[in-house]
Amino acid sequence: LTLSTLIAKEDRVVLQVNESLPIWSKNLSSGGMGSEIIQAIAKEANVKTTIDFVPLKRLIVDTKNNDIGNPLFYMQNQEFASIIPIAVSYNALFSYKKDIDTLLMNSKDKPLRIGILKGTKSHMNLSSKVAVFETSSSHKSLFKKLKHGRLDLVLELDLVGLAITGY
């Protein structure tokens with residue numbers, strides 16, 4: 001891990017994340033597993049850190065923050081110019097419908113409505129004939145829309161989706 005000289009001069013590095021249980025959560029005593037990892041790295045590097053939980057809308061608008069979750073800003077705008085792999089996670093498709101195969105087969109006739117977290121770029125290369133993407137500023141909002149049938153699928157980090165759905 002290489003820390004920038006700017007960080008070494010700072011008394012405290014303030015990092016910002018959005019609530020993404022169980023990875024980041026102000027409601028967990030440790031702040032979530034991502035917070036535990038950051039604090040352990042900071043301790044070893046002798047750097048004091050604070051993790052602030054900020055709504056996603058504010059993280060997206062403020063390009064000068066130290067947003068841990070947005071690699072588009074890492075090297076250009078942030079004080080914290082080192083990328084730290086926090087945890088291995090996978091994107092997963094979530095649905096409350098039992099017959100997911102039929103849903104996917106019917107997508108040839110009617111585009112799937114897929115919910116993604118605002119700021120997600122993975123939808124850029126997909127054809128609009130296959131899927132229509134709807135963004136939201138909160139994980140819970142995506143799953144609420146999914147549960148009420150306003151979305152067909154939600155594309156989310158596996159750990160976050162499992163925590164929200166309770167599986």
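**Exercise 1.** Which residues does Val17 touch, not counting residues up to four places away in sequence? Place Val17 in the predicted model and decide whether Val17 is buried or exposed.

*Solution.*
- Start with the contacts: Val17 touches Trp24, Ile51, Asp52, Phe53, Val54, Leu59 and Ile68.
- Take one of these, Leu59. Its C-alpha atom is separated from that of Val17 by 7.7 Å, although the two residues are 42 apart along the chain.
- Locate the residue: Val17 is found in strand 1, residues 13-17.
- Check accessibility. Val17 has 2% relative accessibility, so Val17 counts as buried. The cut-off is under 20%.

**Exercise 2.** Find the aromatic pair of the structure and classify its geometry.

*Solution.*
- The structure holds one aromatic pair.
- Its partners are Phe94 and Phe143, 5.5 Å centre to centre, with 70° between the planes.
- Planes over 60 degrees apart count as edge-to-face, and the pair of Phe94 and Phe143 is edge-to-face.
- Phe94 lies in strand 3 (residues 91-94) and Phe143 in helix 6; the pair links distant parts of the chain, 49 residues apart.
- Phe94 is buried at 10% relative accessible area. Phe143 is buried too, at 3%.

**Exercise 3.** Describe the lining of the second largest pocket by residue, element and class.

*Solution.*
- The second largest pocket holds about 350 Å³ of space.
- It is lined by 18 residues, and Glu19, Ser20, Ser138, His139 and Lys140 are the closest to its centre.
- Helix 6 (139-147) and helix 7 (158-165) are the elements that give two or more residues to this lining.
- Helix 7 gives the most, with three residues.
- By class, the lining has eight nonpolar, seven polar and three charged residues.

Definitions and conventions. Residues numbered from 1 in each chain as written. Predicted model: local features only at pLDDT ≥ 70, side-chain atom pairs only at ≥ 80, totals over all residues. Heavy atoms only, no water. 1 Å grid on protein atoms, 1.4 Å probe; cavity = no way out; pocket = protein on both sides within 12 Å on 5 of 7 lines; lining within 4 Å. Points joined across faces, edges and corners; volume = space filled by probe spheres on them. Helix = DSSP H or I, 4+ residues; strand = E, 2+ residues; numbered from the N terminus. Nonpolar A, V, L, I, M, F, W, Y, C, P; charged D, E, K, R; others polar. Buried < 20%, exposed > 50% of the residue type's maximum accessible area, 1.4 Å probe, protein only. Contact = heavy atoms within 4.5 Å. Phe/Tyr/Trp six-rings, centres within 6.5 Å; stacked < 30°, edge-to-face > 60°.
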